[in-house]
Amino acid sequence: MTAFLSIADKRHIEEAAADPAVRSSLLSDPRSGMERILGRPLGDVGIRLHEEPAGAMYFALPAPGQGGAVPEARTRRQFFENMLFEMAERSPALLRQAEADPRRMFFDLTGNDVDLPPGHQPVIFADGPSEIHVVLPQPSESIEDELPDDLLEFVAGGAPSPCNSRAGENKSSVAAGLDKLSL
């Protein structure tokens, strides 16, 4: 049996890892820690746990078609993660191209209005049929807990929000951004 993790599963693990004891448990035995958090076995799939270093933003994308519903973004990292999830579902070829220069892809996708935090290098991992990637983000105090003003303005200022596009709201913004990027 092969297992997969949805976007919601990955967020659930990330949030649980905010507790230092849970994080330590995940680092010492990733499979058991994740199975305990999710309440189900993960099967025969390989697990790659990535601890996000300072100065980077790591994103672990589910295999195409396995992402499920996208939870609403509450942090800058989740905002950009949601954009990636949408893009991965709509255009796997574009995602492969973006892996070469993810910072530029995010910048182009948001219409040059919003960029990643200065100095943070994005790194993208993609799940495959035999391997799951899970990111343990930096502690919340090193990257803002809440969406910063520039993203709140993007979301609330009349512009469609790519944050919640997979949840049924404002798909046009991400679609327009994807259409601007050519393969």
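The following conversation goes through a predicted model and asks how its descriptions are reached.

Biologist: What should a reader know about this model before looking at its residues?

Modeller: It is a predicted model, in which local features need pLDDT of at least 70 and side-chain atom pairs count only at pLDDT 80 or more, while totals for chains, interfaces and linings use all residues. Residues are numbered from 1 along each chain as its sequence is written, and side-chain values use heavy atoms, with hydrogens and water left out.

Biologist: How many helices and strands are there in the chain, and what makes a stretch a helix or a strand?

Modeller: The chain has eight helices and four strands, where helices (H or I, at least four residues) and strands (E, at least two) are DSSP runs, numbered from the N terminus. Read from the N terminus on, the order is α-α-α-β-β-α-α-α-β-β-α-α.

Biologist: Why is Glu-14 called buried?

Modeller: A residue is buried under 20% relative accessible area, exposed over 50% and partly exposed in between, with a 1.4 Å probe and protein chains only. Glu-14, which lies in helix H1 (residues 7-16), has a relative accessible area of 11%, and therefore it is buried. Across the chain, buried residues make up 48% of the 183 residues.

Biologist: What does Glu-14 contact, leaving aside its neighbours within four places in sequence?

Modeller: With contact meaning heavy atoms within 4.5 Å, Glu-14 is in contact with Arg-77, Glu-81, Val-135 and Pro-137, those neighbours being left aside.

Biologist: Is Lys-10 of helix H1 buried or exposed, and how do you know?

Modeller: Lys-10 has 3% relative accessibility, so it counts as buried. Not counting residues up to four places away in sequence, Lys-10 touches Leu-5, Ala-60, Leu-61, Pro-62, Asp-127, Ile-132 and His-133. Lys-10 and His-133 are 123 residues apart in sequence, and their C-alpha atoms are 9.0 Å apart in space. Both Lys-10 and Glu-14 are among the buried residues of H1, and the buried residues of H1 pack against helix H2 (20-28), helix H3 (30-38), E2, H4 and strand E4 (131-136).

Biologist: Why are helices H4 and H6 called roughly perpendicular to each other?

Modeller: The axes of helix H4 (residues 76-90) and helix H6 (residues 102-109) come within 11 Å and cross at roughly 90 degrees. Axes are lines fitted to C-alpha atoms, for helices over the stretch in contact, and angles run from 0 to 180 degrees between N-to-C directions. Angles under 35 degrees count as roughly parallel, over 145 as roughly antiparallel, 65 to 115 as roughly perpendicular and the rest as oblique, and therefore H4 and H6 are roughly perpendicular. Phe-80, Met-83, Leu-84 and Met-87 of H4 make the contact with Met-105, Phe-106 and Leu-109 of H6.

Biologist: What makes the pair of Tyr-58 and Phe-125 edge-to-face?

Modeller: Rings of Phe, Tyr and Trp (its six-membered ring) pair if their centres lie within 6.5 Å, and planes under 30 degrees apart count as stacked, over 60 as edge-to-face and the rest as tilted. The ring centres of Tyr-58 and Phe-125 are 5.2 Å apart and the planes stand at 80 degrees, so this pair is edge-to-face. Tyr-58 in strand E2 (residues 56-61) and Phe-125 in strand E3 (residues 121-126) are 67 residues apart, and the pair links distant parts of the chain.

Biologist: Why is the pair of Phe-79 and Phe-80 also given a name, and which one?

Modeller: The centres of the rings of Phe-79 and Phe-80 are 5.2 Å apart and their planes are at 85 degrees, so the pair is edge-to-face. Phe-79 and Phe-80 are both buried.
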